[in-house]
Amino acid sequence: MENWTLADVLAFATEAHKGQKRKYTGEDYIVHPISVSKLVKKHGGSEIQQAGALLHDVVEDTQYTLADINANFGSQVATLVKWLTDTSRPEDGNRKTRKEIDRNRLGSAPADVQMIKLADMIDNSTTIFTLDKNFAPVFKREMGELVAAMTKVEGSSLWKEAQKRITHV
């Protein structure tokens, strides 16, 4: 289906994440994808990128599949979500190994995907750096490694904002 609006995507994402809460704040989980989508828009992202941002955690965290996203929002949005869905699994090794697998994949992702991932990390850093001082150094290091891998958007306004987060927090 290619005749969708961002309101349709938001309704789907809201339903998909219904009942889920954010780890640190207890807010409805949909607050995070909305924030990511707004960041993408603020930095010039297309409606397709904004849709991908709203749906970026759906396949990873809900019962919905890429086929569901493709059927509802078309292959362009589904492709973004596929790139944004972690492929590493616990059986792949420890956290460092899994993050390396996902970082290598995202480093080869198209620029429009890298932009969404930067927005995702920026939004996550806001809560982690403020509310989890023990995990913050780990996340900061991981974020720095991932930002460095985002070579297709290096120098963009969103990339600069992510860099600022990891160097000034």
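## Pocket, rings and charged pairs

Let's start on the outside: Lys-96 is exposed, with a relative accessible area of 61%, well clear of the 50% above which a residue counts as exposed. Keep in mind that this is a predicted model. Lys-96 sits in helix α6. In sequence Lys-96 and Val-138 are 42 residues apart, while in space their C-alpha atoms are 10.0 Å apart.

Now for the pocket. The largest one has a volume of about 920 Å³. It is lined by 33 residues, and the closest to its centre are Asp-86, Arg-95, Lys-99, Asn-124 and Phe-139. Which elements give two or more residues to that lining? They are α4 (58-61), α6 (95-107), α7 (111-131) and α8 (136-149). As for chemistry, the lining divides into 16 charged, 11 nonpolar and six polar residues.

On to the aromatics. A pair of rings is described by how far apart the centres are and by the angle of the planes. The count here comes to five aromatic pairs. Take Phe-12 and Phe-73: the ring centres are 5.3 Å apart and the planes stand at 85°, so this pair is edge-to-face, given that anything over 60 degrees goes into that class. Phe-12 belongs to helix α1 (residues 6-16) and Phe-73 to helix α5 (residues 66-84), so the contact ties together parts that are 61 residues apart in sequence. Both Phe-12 and Phe-73 are buried. They also belong to one aromatic cluster, together with Trp-4 and Tyr-64.

Another of the pairs is Phe-129 with Phe-139. Their centres are 6.1 Å apart and their planes are at 70°, so this pair is edge-to-face. Phe-129 comes from helix α7 and Phe-139 from helix α8, so the pair ties together parts that are 10 residues apart in sequence. Are these two rings buried or exposed? Phe-129 is buried at 8% relative accessible area, and Phe-139 is buried at 11%. Phe-139 is also the residue we met above, among those closest to the centre of the largest pocket.

That leaves the charged pairs. Side chains of opposite charge can pair when their charged atoms come close. There are eight salt bridges by count, including these:

| Salt bridge | Closest N and O atoms |
|---|---|
| Asp-123 with Arg-22 | 3.9 Å |
| Lys-117 with Asp-120 | 3.1 Å |
| Glu-161 with Arg-165 | 3.8 Å |

What does the bridge between Asp-123 and Arg-22 tie together? Asp-123 lies in helix α7 and Arg-22 in the loop between α1 and α2 (31-42), so this bridge joins parts that are 101 residues apart in sequence. Asp-123 is buried, at 12% relative accessible area. Arg-22 counts as buried too, at 11%, because the cut-off is under 20%.

The other two bridges in the table stay inside a helix. Lys-117 and Asp-120 are three residues apart in helix α7, so about one helical turn separates them. Both Lys-117 and Asp-120 are buried. Over in helix α9 (residues 157-168), Glu-161 and Arg-165 are four residues apart, which again means a separation of about one helical turn. Arg-165 has 22% relative accessibility and so counts as partly exposed.

Finally, a linked set: Arg-103, Arg-141 and Glu-145 are joined in a network of salt bridges.

Note on methods. Residues numbered from 1 in each chain as written. Predicted model: local features only at pLDDT ≥ 70, side-chain atom pairs only at ≥ 80, totals over all residues. Heavy atoms only, no water. 1 Å grid on protein atoms, 1.4 Å probe; cavity = no way out; pocket = protein on both sides within 12 Å on 5 of 7 lines; lining within 4 Å. Points joined across faces, edges and corners; volume = space filled by probe spheres on them. Nonpolar A, V, L, I, M, F, W, Y, C, P; charged D, E, K, R; others polar. Phe/Tyr/Trp six-rings, centres within 6.5 Å; stacked < 30°, edge-to-face > 60°. Buried < 20%, exposed > 50% of the residue type's maximum accessible area, 1.4 Å probe, protein only. Salt bridge = Lys/Arg side-chain N within 4 Å of Asp/Glu carboxyl O.
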